[in-house]
Amino acid sequence: MHEPLNTAKNCRHYAMCKIDFLGSGVCASGPEKHYVSFYPQGRMDLYAALAEGKVPVTEKCLEIADTCDLCGKCDYQCYFVTELRPTKAMEALKDYVADHLEKSGEVVKEEVDEVLKELKKIVGDFWATSDRAIAVTYSHDPSPVAEPTMPDYVIMPETREEVSAIVKLLNLHDIPFAVRGNGSSVMGFVMSSGAVLDMNRMKTIEFDEKNWLVKTGAGVTAFDLQKSAQERGYRVNAAEPSALVCANIMCSGIFSLFSASYGTAADNYIDAEFVSKDGTPFKLSDKDAPNLFAFNPSDGTIPAICTSASIRLHPVTGDEEGILIPFATMDEALDFSKECATHRIGMAIGVLGGEYLSTFMAPTKKLAWEIKNTFQKELGIEYLVLVIGGKYDIKTIQNMELPTIDQELFKALYLGMPSLRSANWLSLLKEMSDDEPFSYLKLNGFTDLSETALSPSPEQLAKEVDPELQSFFKKLFDKPEMTDLVWLNMFRIISSRMGREKHVVALIIYLPIDNALIAEIDGEFRRIAEKHQIKNDYGFITPLDNGKRCVFEYDYYLDQNDPDEIAHMQQALGEAAMMIEGYVKKTGTVKSIFQLFTQGFCRKENFLYS
Amino acid sequence: MHPHNTPTIALTGATGFLGSHLMAALLEKGYHVIALGRSTDDATLSQRIANILKWFGKEVPTGRLDTIEINFSQEALGLDRPKYKELCQASDQMIHCASDTSFSERRRQQVFDSNVHSLNHILKFAADARLQFFHYISTAYACGMNGTACKEQLPNTTDFVNVYEESKAQAEKNIATFCEENAIPHTIIRPTIVYGDSRTGRSLKFNALYYPIRSLMAIRDIYLNDIKNNGGKKSQMHGIKMDEDGYLFLPLKIVLPKSGGLNLIPIDYFVNAALQIIQNPGTGEIYHISNKTPVKLDEIVNYNEPFMKVKGVEIVYDDSPENYDRNPAEELFDRYIKAYLPYMHDNRVFDRTNTDRATSDLQPAAFNHDIFVRCMNYAVKMEWGEKLKRLGI
Ligand SMILES: Cc1cc2nc3c(=O)[nH]c(=O)nc-3n(C[C@H](O)[C@H](O)[C@H](O)COP(=O)(O)OP(=O)(O)OC[C@H]3O[C@@H](n4cnc5c(N)ncnc54)[C@H](O)[C@@H]3O)c2cc1C
Ligand SMILES: NC(=O)c1ccc[n+]([C@@H]2O[C@H](COP(=O)([O-])OP(=O)(O)OC[C@H]3O[C@@H](n4cnc5c(N)ncnc54)[C@H](OP(=O)(O)O)[C@@H]3O)[C@@H](O)[C@H]2O)c1
Ligand code: SF4
């Protein structure tokens, strides 16, 4: 495939180009024009659609192509996550449009029908459109189970009143609609043949510090909310940084490593404002409001449109640190995480796969592959428990006399990662200290030795990326937050790297921390994937509710453009869903994310223990 | 008995260091060998044996070497009845050289399963096959920590350095009892620490003698890298520097609780001595294949200085090692050699009466600078075994 087209068709739709997670700034036209079409993600989709003859050159198409000045920022952002270089697709888009104008000059002016006129009256001329250059960027996602669906209208409301008026209008004309955050659920939830309501203009953030609350509009991303909270000395429970907070609550109730102490679902908001599906505004605290606290197994449709939510602020103690504890088996890792959760040690807890240190930390696929062996085979790190906590938590863990990777050692391993390829001194350690796994981590001066051996530096790590990007990445890796386990986890900017090699489909269940049951289900996920020749891996486990339950993610991966892989994935997902359903029925304690979708506002107790 | 009147020897452990050398020597001497072993994920037993023979510069001899995949943890060695019967009929003698050689307490179960529990099936085979002789390759350290004079007798202590020694001692006792009860002629051959070929330096295993050197080299390379690529910032903090004569000055104290040495024998000597014993065995006898003069670690450190171009390594004898502040290099070195430390200051004396008689007083080559350099050069060339792994060994 032509390279720019290949790049465009491999956009993962994780919306990371919509947040300024590297401090490089985002694509300038995005925050001004808000439609995803004016962000790199949308431009890539548009270019692919034009190149494949799916849409004509329209007025909006010219505007979208023109508003890219080839600044190159999206290369930094997208390369960081997926190693793609979108500017190649941007150049191709601009060339395509210029070429078209030169050859035929025909630019399609889309018809404005009566409904669109009414919609424009509600939101303003620019914020409702039928232009196919925009509509096509809302028409698909890389989900293997969703059919592309072109909407007739894309609408960007700014206020609750506008949302209410739109819903009433659409209902009047019997037009189906989908509500879209940033589309990063990538499950085909945010497509509709009628209208798509993109909530991205609802960007208000109002702090009420006296009451430890922040009211966030439906268009605020997790990253932006966390950043504002952090600037004021607080933290919120947020997950994927590009997810809109209200969308994420609605969709999954927000689970993150911090859910170990901050909880999930209704644990994290105090109140929320909605517009019902008939267009009536309501607040959750209204006496006769629909009972969204009650968990109703999801029928796949949203119960109402959330326009804002008042989110809890959590204190930041200033002495927080991250610490990683390696384990050779899942059993040991689970026992330890449960021990921490039941004793309320640590704010964030995650049982991660051994690949965490390679896949998530390495800036390129190549380096991730090369050092995976060092961590897993040579050092025997199959699982890692990450704990983030204050000084008392960290001290308690240190007193347990387990081998640990502290913040300082983590930094050395991270910035010295390229030298790990040839670190035979490390593999020798495993060979020679067989008796007590990872006991080398307890050596006095091990961090000093690692620093000596690995010569960690931003320069060294930056040398791994494309030559033109090295100077940017060198400065980036020099920023303290880029090696800070607390920052990296509260902003979660590296977890989307799991989709770097192939698009990821996450299978999520909630269950007791029962090692045998977890091992059995883990084995089943693997068996099904292997039967269908699908790349797969353990994702993570986070204890919930003092260790009474946990959330368990297992990941399947596919080439989103390969019809065979899509077919295999469809079969595997079908079987996995049935397998989960079997455990749901058999155990009474296993719950599936499939039951939760669109029910995320429920009380977690209603969901987990009903 | 094989048609050509040479006995047929069933040999376990032929994919290991000692066993492979025994196999090569037995074949050289015209014996018929049946190698009993297992495949790996990458290769069948016969492929593994062929790779090993290639390393010896030998072809698989037609008609004199058979390989049979067995599992000693199962009845009849995991073979079906007809195969097992055939093996019993074909075997005249057995050398049981396979052993789990891990020192790790964490692997206790596995070590005992391989070294002790599996003996039930192996000894049953010895009885079923009515073997002329059963030779067990044990270790001199099966005698345990029972004083400094070690007799060529069954162990009578429960004090051992590690699970490996303990399992080998238990195996000796089980073998002696079973063989006596079943009138199976047997010997127990106990080598001390075996290193490469004293004449060529070639080896298939790089532990024991090699570990301190390999560890020092890894540590040296860490600091050389720092000096070369980082201006030696970290090295300076610990007084590590490049001397004008091109030597790295690496202050590293190896603290040993008492004086003593390593009892080393080269593989060529082990093979010669073991073969002579096998050809001239005394039933129920135990043979120490050992060195009358152990090598002191100080000597090895001296040999190593010009070899590695490293100065500053010093041996200190003190029974309170905790009194010493350790720099990171020392901490790492201590960790590397922890499992082998007890063998580095050993002052046990191994009685060799039986061995001297059976081998006409054949003695191992005295360990010296030349042998050291030869062996270490080969080890480095083989990347401490990594290269051999790539050759399928
Ligand atoms: C790599 C990756 C990792 C992820 N990890 C996590 C994780 O650890 N934890 C977690 O919780 N999630 C995780 N997710 C899932 C994802 O973050 C959530 O699905 C989140 O909701 C997506 O936010 P969005 O703004 O993109 O929502 P969208 O995908 O746009 O919408 C999600 C759902 O919410 C509905 N919706 C959107 N806005 C509103 C609204 N205002 N009112 C009512 N309904 C609305 C949509 O119709 C849709 O059904 C991950 C996703 C990816 C791609
Ligand atoms: N090397 C020394 O310095 C030394 C010193 C004193 C005594 N010894 C004794 O000499 C013998 C050989 O030692 P070595 O150094 O040659 O050891 P080695 O290189 O580790 O080889 C061990 C051999 O035993 C086999 N083996 C181990 N566990 C087994 C199991 N469960 N089932 C089947 N086969 C198994 C191995 O087979 P795989 O290849 O399939 O793993 C290999 O062939 C041992 O009895 C040891 O106690 C050695
Ligand atoms: S290159 Fe174009 S699409 Fe990419 S960030 Fe810059 S302006 Fe936006």
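The following exchange between a trainee and a mentor concerns a predicted model.

Trainee: How many salt bridges does the structure hold over all chains?

Mentor: Side chains of opposite charge can pair when their charged atoms come close. In this predicted model, such pairs are counted over all chains, and the total number of salt bridges is 55.

Trainee: Which residue forms a salt bridge with Arg232(A), and where does the partner lie?

Mentor: The side chain of Arg232(A) meets its partner with N and O 3.5 Å apart. The pair links distant parts of the chain, 23 residues apart, with Arg232(A) in the loop between α10 and β7 of chain A. The partner lies in the loop between β5 and β6 of chain A, and that partner is Glu209(A).

Trainee: Are Arg232(A) and Glu209(A) buried, partly exposed or exposed?

Mentor: The relative accessible area of Arg232(A) is 41%, and that of Glu209(A) is 35%. Buried requires a value under 20% and exposed a value over 50%. Arg232(A) is therefore partly exposed, and Glu209(A) likewise counts as partly exposed.

Trainee: Which residue of strand β7 of chain A meets Glu320(A) in a salt bridge?

Mentor: Glu320(A) stands in the loop between β11 and β12 of chain A, and its partner is 85 residues apart from it in the chain. The N to O distance of this salt bridge is 2.6 Å. The partner in strand β7 is Arg235(A).

Trainee: Are Glu320(A) and Arg235(A) buried or exposed?

Mentor: Glu320(A) has a relative accessibility of 13%, while Arg235(A) has 1%. The limit for a buried residue is under 20%. Glu320(A) is thus within that class, and Arg235(A) also counts as buried.

Trainee: In chain B, which helix holds the residue that pairs with Arg190(B)?

Mentor: Arg190(B) forms a salt bridge with Glu172(B), with the closest N and O atoms 2.6 Å apart. Both of these residues are buried. Arg190(B) belongs to strand β7 of chain B, and Glu172(B), 18 residues away in the chain, belongs to helix α6.

Trainee: Which residues are linked with Arg85(A) in a network of salt bridges?

Mentor: This network is made of residues of chain A, with Arg85(A) as one of its members. The others linked in the network are Asp75(A), Asp466(A) and Glu468(A).

Trainee: Which feature does UniProt place at residues 146–316 of chain A?

Mentor: Over this stretch the chain is 20% helix and 26% strand, and its end C-alpha atoms are 41 Å apart. The UniProt entry, which is unreviewed, describes the stretch as a domain. The name given there is "FAD-binding PCMH-type".

Trainee: How many residues surround ligand 1, and which element gives the largest share?

Mentor: The shell around ligand 1 consists of 29 residues, the closest being Val179(A), Gly181(A), Ser184(A), Ser185(A) and Ser252(A). By type, the shell divides into 19 nonpolar, 7 polar and 3 charged residues. With 5 residues, the largest share comes from α11(A).

Trainee: What percentage of the accessible area of ligand 1 does the protein cover?

Mentor: Oxygen atoms of ligand 1 lie 2.7 Å from a polar backbone atom of Gly181(A) and 2.7 Å from one of Gly183(A). An oxygen atom of the ligand is also 2.9 Å from a side-chain N or O atom of Arg492(A). Of the 960 Å² that ligand 1 has on its own, the protein covers 95%.

Trainee: Which residue makes a side-chain polar contact with His503(A)?

Mentor: His503(A) lies in strand β16 of chain A. This histidine is buried, with a relative accessible area of 1%. A polar contact of 2.9 Å joins its side chain to that of Tyr14(A).

Trainee: What is the value of phi for Leu70(A)?

Mentor: Most residues other than glycine have a negative phi. Leu70(A), in the loop between α4 and α5 of chain A, has a positive one. The residue is partly exposed, at 36% relative accessible area, and its phi is near 55°.

Trainee: Which residue of chain B, in the loop between α10 and β13, has a positive phi?

Mentor: The phi in question is near 55° and belongs to a residue other than glycine. The residue is partly exposed, with a relative accessible area of 43%. In the loop between α10 and β13 of chain B, this residue is Lys309(B).

Conventions
Residues are numbered from 1 along each chain as its sequence is written. Chains are lettered from A and ligands numbered from 1 in the order in which they are written. This is a predicted model: local features need pLDDT of at least 70, side-chain atom pairs count only at pLDDT 80 or more; totals for chains, interfaces and linings use all residues. Side-chain values use heavy atoms; hydrogens and water are left out. A salt bridge is a side-chain nitrogen of Lys or Arg within 4 Å of a carboxyl oxygen of Asp or Glu. Helices (H or I, at least four residues) and strands (E, at least two) are DSSP runs, numbered from the N terminus. Buried means under 20% relative accessible area, exposed over 50%, partly exposed in between (1.4 Å probe, protein chains only). UniProt positions are given in the numbering used here, feature names are shortened, and annotations may be inferred rather than shown by experiment. A residue is near a molecule or strand if one of its heavy atoms lies within 4 Å of it. A polar contact is a pair of N or O atoms within 3.5 Å; within protein, one must be able to donate a hydrogen and the other to accept it, and residues adjacent in sequence count only if both atoms are side-chain atoms. Accessible areas come from the Shrake-Rupley method with a 1.4 Å probe; for residues, only the protein chains shown count as cover. Ala, Val, Leu, Ile, Met, Phe, Trp, Tyr, Cys and Pro count as nonpolar, Asp, Glu, Lys and Arg as charged, and the others, Gly among them, as polar.
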